[in-house]
Amino acid sequence: MAQAPAADKDSAMATLAPKRQLAALRMTQPIKLDGVLDEAVWREATPATDFIQNRPNPGPHEKFPTEVRVLYDDAAIYIGAVMHDVSTDSIPRELTDRDNFGNTDFFGVFFDTYQDKLNGYAFFVTTGGVQMDARYSPASGEDFAWNAVWESRTTLQGTDWVAEMRIPYSALRFSTAEIQQWGLNFMRQRKRENQAFFWNEVRPGVDGFVNQWGVLTGLRDLKPPLRLSLTPYVSSYVNHFPFNEQGKKNTSTSFNGGADVKWGINESFTLDATLVPDFGQVQSDNQVLNLSPFEVQFNENRQFFTEGTELFNKGGLFYSRRVGATPIGFGQVTGQLRRGERQADGSRRGGEFVVENPGVTRLLNATKVSGRTSKGLGVGVFNALSNDVYATVQDSTSGVRRDVLTQPFANYSIVVLDQSLKNNSFVSLINTNVTRAGSTYDANVTGGLFRFANKKNAYAVDGRMVYSRRRGTSFGSERQINDQDGYKYSVGLGKISGNLTWSLNHGIESDTYNPNDLGILFGNNNISQSAQVVYQKFKPFWKVNNFAIFGVVSQTLLYKPTRYQAFSTYLGANTTFTKSFIQTGFDFNLDAASHDFFEPRSRPLGDYYVRVPGNARLVWFMNSDSRKKFAYGLNAGMQHYNIDDRLPRPRRTGYSFGAYPRFRVNDHLTFRYSIDWSLAVNQIGYVNGGLDGSQLLDQPIIDLLGGDFRTGRGPVDALLGRRNVATVSNVVSTAYTFTNRMAFTLRVRHYTSNVHYNDFAQLRRNGEEQLVAYQRNRDNTYNAFNVDAVYSWWFAPGSQISVVWKNASADELFAERATPQYFDNFNSTINTPHNNSVSVKVLYYLDYLNLRRKQ
């Protein structure tokens, strides 16, 4: 038979594959979960076979067959899978910690229990028995932060490997209908050939994933169980910091206790609560030197805020790090200290100093209620409470201490309604609210969003409208906040399936839009529009497996007053070579001269901006074959600016380099290293730290800029500096996995960033700059060092013992003490006092159904 032309094969990848069906078999006798499918009932069940390749070459049927059968009873659903192969040596078996695939084969099962074609569950197990589980949703995509309690066993049998799973109904949510059909798919990875197969074909040119699953039939008389579990914990900490001050202990200890509770309110909804939570063992944040006008966004590492939050992430209005964040009055404590003063008798009375100023807000509790009805309506309710936080200050003369409130009692809440519609579409309503006790402000944000796709899932329109409302006074003052009402909207239209896709987008964020009490927004007051085109080749050709090229044209304006900000173009491409499996690609930006209204730190926006010359930026990257014992990733970039001839300055340039080697010693031990280096030459930016009226060398500049610190009026114009910024980040990590339930990881990070100023300029209105003779040395160097060592043992389903050692230090050097020498900075970091913490935490999972069964 003649083969279809390549173009036809590619176009076929853009239409939904026919949906397969598989009947589950109800069993009446229990089976032993041992990875050996020797019970007669397994042979009675209909097998799912003939998997279809998804990568690297979509379309071909599998060469080494897979057979999967599904059983169920009143308590759980069972999956038995046999993966045939050519030999035992063809089956890699690296051990990793949970939710990490590693260099190994795996088998996975997917369930869409309400068949809404948008939301689903996945359960994976590797040849070594390592478990992974995930949730799928339009908001979070593939979310491996979700963890369920289920069981699995794997065995090697000749040239085959076998996976046996028991997934209790308590890990799923489904309706009470007498006869049910679920969305279903199976996945197999053969790592030796870098091949992935699905039972129901998943075509890369089709938009969406859950909508491409098949159907599980034969489910009758399923009764959602009482889903009730309690996971109490106890933890103990020993902290050491060398204060070496009289009357102050270098070592402190603490003992904590609390619990997590999960309760299935009904067949659709679950309450998930954490009482007196302890997040002291989460991985340390990657602290950096921030020279930008915006805050640094950190990753969320607390499991309660990463697990099962797909509904709350709709619309991007929830930044979970706000809950339990740095107190809002943390930086205001020094302004409330009583200063030293001269007494009437001529003696001097010392002032106050800060003894303790907590940098985190301790939560009292946090609760989530979420679920989805049989009609496709998702409902989510989140609530968290934090207590008052106080800083402690002390009189240096009398020794008397007093408390300064830095964070009042606060309530954080989110409500989400999300209706799934036909054709991979949805409409959603989200509300976030922060209410604080006392005389400070409260905040409320309400947003609606939608996505409508046509019947063929080829075109879609989407959009959102958000309103923010803040009422009250700024913390610690009687001044009314000035961004009480704001709004944001965006709308987009595009072709979403096929080799060629495109989209058009337009949006506005008003000058008073502010969702940052429970969300994150780096800058409002914007009008933006963009057009994007993507072309992808899914089938292998020439010497590559696939190819993608994408281009974007975008423009931004200041909303109020309406002024030009930036115009940029972007072109990128990537591919994977067929034989070597080397991935490579590039990103190229070409930007016109732009106006940065945020860098001057002046309000209101519009009068002042920093002019950034037109520039071009190219970044190249490459990743080697991850199956090899030694693998690596590389990237290198360069940014080249036009000369700004308004002032006698040299050209701005930027360089970057990253290397990420990994060596897998064996199936248990792996070493990783990463280095990221960047250098910005002749960068123009706001002088970090501003000006200080108490500094003699600052006073002439303050007068020149139009400020008057004697009357409390700061500079009108801004001070800019031409600086070189060199940053190096090194991370060394190792992982030793003893078994599929016990592992040790060690991560060491050193970060240093050095800023050297060459000259300074006065920024006037409309981007005009004038060089000034500013003599004060504003160079600075920031160093951060962290060690995170974690031993974890899952000694029973859902139950864990973890022992963690954390070591942290940071220092910032100014003026003459700042140094550009890397090893000088490293030595300075090592010799800086370090905070050490050793903790032990025990979690024990108690399931009501298991307890009742034992009784």
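A residue is taken as buried when its relative accessible area is under 20%. In the predicted model described here, A460 has a relative accessibility of 6% and therefore counts as buried. A460 belongs to strand β28, which covers residues 459-471. Leaving aside residues up to four places away in sequence, A460 touches R451, F452 and A453, and also G492, L493, G494 and I496. T440 is 20 residues from A460 along the chain, and the C-alpha atoms of the two are separated by 43 Å.

The overall fold was examined next. The protein has six helices and 49 strands. Its radius of gyration is 30 Å, close to the 29 Å that the globule rule gives for 855 residues, so the protein is as compact as a globular protein of that length. Along the principal axes, the C-alpha atoms fill a box of roughly 100 × 65 × 50 Å. Of the 855 residues, 48% are buried. Among contacts with a separation of 6 or more, 64% are between residues 24 or more positions apart. The protein exposes about 39400 Å², and 55% of this area is supplied by carbon and sulfur atoms.

A second buried position is Q53, whose relative accessible area is 7%. Q53 is found in strand β3, made of residues 52-55. Its side chain reaches the backbone nitrogen of N57 at 3.2 Å. Residues up to four places away in sequence not being counted, the contacts of Q53 are with P58, G59 and P60, and with Q195, A196 and F197.

Charged side chains were then considered. The structure holds 35 salt bridges. One of them pairs E201 with R203, and the closest N and O atoms of this pair are 3.3 Å apart. E201 and R203 are both buried. Another salt bridge is formed by the side chains of E352 and R402, with an N to O distance of 2.8 Å. Because E352 lies in strand β20 (residues 352-356) and R402 in strand β24 (residues 401-407), the pair ties together parts that are 50 residues apart in sequence. E352 has a relative accessibility of 15% and so counts as buried, whereas R402, with a relative accessible area of 34%, is partly exposed. D625 and R627 also form a salt bridge, in which the closest N and O atoms are 2.6 Å apart. At 5% relative accessibility, D625 counts as buried. In addition, D116, K314, R372 and D418 are joined into one network by salt bridges that share partners.

On the surface, a nonpolar patch of about 640 Å² is made by L500, V533, Y535, I549, L571, F588, L590 and L618. Two strands, β31 (526-537) and β34 (583-591), each supply at least two residues of this patch. L590 is placed in strand β34. The relative accessibility of L590 is 45%, and this residue therefore counts as partly exposed.

Technical notes. Residues numbered from 1 in each chain as written. Predicted model: local features only at pLDDT ≥ 70, side-chain atom pairs only at ≥ 80, totals over all residues. Heavy atoms only, no water. Patch = residues over 30% accessible without salt bridge, like charges linked within 9 Å, V, L, I, M, F, W, Y side chains within 5 Å. Areas by Shrake-Rupley, 256 points an atom, 1.4 Å probe, with all protein chains shown as cover. Salt bridge = Lys/Arg side-chain N within 4 Å of Asp/Glu carboxyl O. Helix = DSSP H or I, 4+ residues; strand = E, 2+ residues; numbered from the N terminus. Buried < 20%, exposed > 50% of the residue type's maximum accessible area, 1.4 Å probe, protein only. Rg over C-alpha atoms; globule rule 2.2 N^0.38 Å. Contact = heavy atoms within 4.5 Å. Polar contact = N/O pair within 3.5 Å; in protein donor to acceptor, adjacent residues only side chain to side chain.
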